[in-house]
Amino acid sequence: MQFQLVKGMKDILPEEQPYWELIRHNVDLMGANYGFARLDTPVLEFTNLFKRTVGEATDIVSKEMYSFVTAGGDKLSLRPENTAGVARSYIEHGMVNQPQPVKVYYLAPQFRHDNPQAGRYRQFWQFGFEAIGDKDPVIDAQLIIMSHNFLTDLGLEVEVQINSVGDSNCRPNYLKTLRHYYQDYKKDLCSDCQERLNKNTLRLLDCKNKRCQELAEQSPQFVDHLCEECKNHLMSVLEYLEEVDIKYNLNSRIVRGLDYYTKTAWEIVEAGAEGKASALGGGGRFDDLVELLGGRPTPAVGFAMGIERIVALMQEKQIKIDKEKYCDLYIAQLGVEARKKSLRLFEDLRRDGFSLAENISKKGLKDQLEVASKKHAKYTLILGQKEIADGTVLIRDMENGIQETVDFNKIKAEVRKRLSSQVMRSLKIRTKPPVV
Ligand code: ATP
Ligand code: MG
């Protein structure tokens, strides 16, 4: 019997990792530049956390959660998204007492029992940025800029689709208008939407069914029904976006899947693919979420992006990234004694911070030098029988092939001297995303 992947799961193989590494690296860099600190929450939370926040009427909670009862009787779920966990953590750890907004980010797997298809998995990775404790529209704008520029920096062409979903002040009226509009078309709606009509009316607007989309197209628009405050908020966000030349489409069909959103809602999609392709990411304001979980009323805004979809689009667009491995020193060895001594030399140099490579199980020098050039080693240190006997090391400049014998005890000083003009070459490459 041969085991297979569980349906909807995905291995991220070594050859795909350069994309993931680049994305993880850029996420950390974005955190540092914009002042967001990383927050890791557990994969498991109480099921009620998601029922309360995401909402029982949403697809995520009603159909897509991996939920179970533990031996001890606790009702738990694998997290289907990360914002609820972040808000729980904010309240539980009294982050309200820190300077506001508290800005955090995560990069973590999420679980939804979705229908597996292209770009849709049951375990998928998201990274997300959340700013909790500030209602200023400039924060919304900054998060939109971040989510947009993250993707354009990777070489992708994307668009911002933006809308407002109002607040408790103007939403009830709008929902009434919307329900009234749909009354006449009830029988035209897909069965899901017929069910959503009274429970989750906003979701009718982002149904993927064709006829439902046509009806949504003609429906009354939220932007025409916003209260003064929500309208001004949206206008400010748009002005900030114009300030940094970010193109956006006002799109009344962007409502986001989750119940806790207020005011600004946006999605980032591939340019020209609106309505056709699934979003790469989305975000919005969630001014009611913290209070919903028993905290003080606390405005907040954030976004989440799906890493599998970003990687897939980069591959589809044939965006080249640097997949090469780099190291400063390669350690080659010939003979039993040399192999032993090279083990020690390797550990010694590694502790001193050199970036290294080796192929200790190989016996021939040719094999080893081939790997050394593949890894773009600057120098290869060769330990053979003669070197062992003399207490020396042969140092080979991989660029011009020139070799020189150095006293074993002076090898560290020698390579440090030679490398100082190009210290940490491998690190330099890391800080500059290798997009070609
Ligand atoms: P969709 O409408 O495509 O189902 P969603 O509204 O459920 O998306 P969000 O909850 O906003 O998605 O999650 C943000 C991002 O996470 C999405 O834009 C997408 O990139 C990613 N994502 C969501 N569900 C999946 C999934 N099942 N597989 C892979 N990525 C996903
Ligand atoms: Mg979904």
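Trainee: Which residue is the bridge partner of glutamine 161 in strand 8?

Mentor: Glutamine 161 has asparagine 249 as its bridge partner in strand 8, and I should say at once that this is a predicted model, with values computed from its atoms.

Trainee: And what is the bridge partner of valine 160 in strand 8?

Mentor: In strand 8 valine 160 is partnered by tyrosine 248, and valine 160 also stands opposite isoleucine 268, which belongs to strand 9.

Trainee: How many bridges link strand 7 and strand 8, and is the pairing parallel or antiparallel?

Mentor: Strand 7 pairs with strand 8, residues 248–250, over three bridges, and the sense there is parallel. Strand 9, residues 262–270, runs antiparallel to strand 7, and seven bridges join the two.

Trainee: Why is strand 7 described as largely enclosed?

Mentor: Strand 7 covers residues 158–164, and six of its seven residues are buried, so the rest of the structure largely encloses this strand.

Trainee: Where do these strands sit in the sheet order?

Mentor: They belong to an open sheet of eight strands with mixed pairing, and the order reads 1-5-6-11-10-9-7-8. The edges are strand 1, residues 37–38, and strand 8, each of which pairs on one side only.

Trainee: Let me step back to the overall picture: how many helices and strands does the protein have?

Mentor: The secondary structure comes to 16 helices and 16 strands, while the C-alpha trace spans about 90 × 55 × 45 Å along its principal axes. Of the 436 residues in the protein, 49% are buried.

Trainee: Changing topic to the ligand, which residues come nearest to ligand 1?

Mentor: There are 16 residues around ligand 1, and the ones that come nearest are Arg112, Arg120, Tyr121, Lys208 and Arg256. By character, the shell divides into six charged, five polar and five nonpolar residues.

Trainee: Which strands supply at least two residues of that shell?

Mentor: Strand 6, residues 123–132, and strand 11, residues 300–306, each supply at least two residues of the shell around ligand 1. Both strands also appear in the order of the open sheet we discussed, where 6 is followed by 11.

Trainee: What distances are there between oxygen atoms of ligand 1 and arginine 120, alanine 279 or glycine 306?

Mentor: For arginine 120, an N or O atom of the side chain is 2.7 Å from an oxygen atom of ligand 1. With alanine 279 the backbone is involved, and one of its N or O atoms lies 3.1 Å from an oxygen atom of the ligand. Glycine 306 likewise has a polar backbone atom, at 3.2 Å from an oxygen atom of ligand 1. On its own ligand 1 has 590 Å² of accessible area, and the protein covers 90% of that.

Trainee: One last thing, how many disulfides does a search of the whole structure find?

Mentor: The search finds zero disulfides.

Trainee: Why is there no bond at cysteine 190 or at cysteine 230?

Mentor: The closest cysteine sulfur to that of cysteine 190 is in cysteine 193, and because the two are 3.7 Å apart, they are too far for a bond. The sulfur of cysteine 230 has its closest cysteine sulfur in cysteine 227, at 3.6 Å, which is again too far for a bond.

Trainee: Is cysteine 190 buried or exposed, and what about cysteine 230?

Mentor: Cysteine 190 is buried, with a relative accessible area of 16%, and cysteine 230 is buried too, with a value of 1%.

Methods: Residues numbered from 1 in each chain as written. Chains lettered and ligands numbered in written order. Predicted model: local features only at pLDDT ≥ 70, side-chain atom pairs only at ≥ 80, totals over all residues. Heavy atoms only, no water. Near = heavy atom within 4 Å. Polar contact = N/O pair within 3.5 Å; in protein donor to acceptor, adjacent residues only side chain to side chain. Areas by Shrake-Rupley, 256 points an atom, 1.4 Å probe, with all protein chains shown as cover. Helix = DSSP H or I, 4+ residues; strand = E, 2+ residues; numbered from the N terminus. Nonpolar A, V, L, I, M, F, W, Y, C, P; charged D, E, K, R; others polar. Disulfide = S-S within 2.5 Å. Buried < 20%, exposed > 50% of the residue type's maximum accessible area, 1.4 Å probe, protein only. Pairing = 2+ DSSP bridges.
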